[in-house]
Amino acid sequence: MRPCITEPMNEEGVTRLMEYIIITGVLLLLMIVMMFSVNASLMEGPANKLRYHAFVDIGNGVSTRIVDLYVIAPGNGTIETKFDIPDDVAGKGYFVDVWMEGENRAGQAIQVQGGSIKSKVAIAGIGATKGVVGNTTGAGWNMIQYDSKGF
């Protein structure tokens, strides 16, 4: 009988292949996690901050237009004006609501809201004397109407 000489198996090629597969899997997992977190932290956060400040600017602009119309409003009669505000902010639409605070109508505010972001701006100067109500969106032309008879 001949003695059987056995050599240890060379598993070096399989070991390297497994190493590459494991490293690739870990890197793919990290890449997937980064894709979700980068969108939330680097894109949504700054876009929401931009939306809030744009909403404050839009609220101030609408408030100014309302006060300007009140200044030139006739004692008897009606007046109306059209104005334009941005159609969207950071790619999303929004709503503008004008409403009275409290039961005695002592204060009025303009609330601009889009999704979970909202800003509130006071109407300066006319809240106690004239009631202002209404709503609009950013799409198209918007109108402010004044009637001396009230609402």
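Is Ala90 buried, exposed or partly exposed? Let's work through that one and then a few more.

**Ground rules.** This is a predicted model, where local features need pLDDT of at least 70, side-chain atom pairs count only at pLDDT 80 or more, and totals for chains, interfaces and linings use all residues. Residues are numbered from 1 along each chain as its sequence is written, and side-chain values use heavy atoms, with hydrogens and water left out.

**Exercise 1. Classify Ala90 and look at its backbone.**

- Step 1: recall the cut-offs: buried is under 20% relative accessible area, exposed is over 50%, and partly exposed is in between (1.4 Å probe, protein chains only).
- Step 2: Ala90 has a relative accessible area of 39%, so it is partly exposed.
- Step 3: place it: Ala90 lies in the loop between E1 and E2.
- Step 4: check phi, which is positive at about 55° although Ala90 is not a glycine. Most residues other than glycine have a negative phi.

**Exercise 2. Lay out the elements of the protein.**

- Step 1: helices (H or I, at least four residues) and strands (E, at least two) are DSSP runs, numbered from the N terminus.
- Step 2: that gives one helix and six strands.
- Step 3: read from the N terminus on, the order is α-β-β-β-β-β-β.
- Step 4: for burial, 23% of the 151 residues count as buried.

**Exercise 3. Find the aromatic pair and say what it joins.**

- Step 1: rings of Phe, Tyr and Trp (its six-membered ring) pair if their centres lie within 6.5 Å; planes under 30 degrees apart are stacked, over 60 edge-to-face, and the rest tilted.
- Step 2: searching the whole structure turns up one aromatic pair.
- Step 3: the partners are Phe55 and Tyr94, 5.6 Å centre to centre with 50° between the planes, which is tilted.
- Step 4: Phe55 sits in helix H1 and Tyr94 in the loop between strand E1 (78–84) and E2, so the pair ties together parts that are 39 residues apart in sequence.
- Step 5: Phe55 and Tyr94 are both buried.

**Exercise 4. Which residues touch the most other members of the largest nonpolar core?**

- Step 1: a nonpolar core is a set of buried Ala, Val, Leu, Ile, Met, Phe, Trp, Tyr and Cys residues joined through side-chain atoms within 4.5 Å.
- Step 2: among the 19 residues of this core, the answer is Ile58, Ile66, Tyr94 and Ile110.
- Step 3: at least two core residues each come from helix H1 (12–72), strand E2 (95–101), strand E3 (107–114) and strand E6 (141–147).
- Step 4: H1 gives the largest share, six residues.
- Step 5: zoom in on Tyr94. Leaving aside neighbours within four places in sequence, its contacts (heavy atoms within 4.5 Å) include Phe55, Ile58, Ile85, Val112 and Thr137.

**Exercise 5. Describe the surroundings of Asp84.**

- Step 1: Asp84 is in strand E1.
- Step 2: with 42% relative accessibility, Asp84 counts as partly exposed.
- Step 3: beyond neighbours within four places in sequence, Asp84 contacts Arg65, Gly140, Trp141 and Asn142.
- Step 4: now compare sequence and space: Asp84 and Met143 are 59 residues apart along the chain, with 8.6 Å between their C-alpha atoms.
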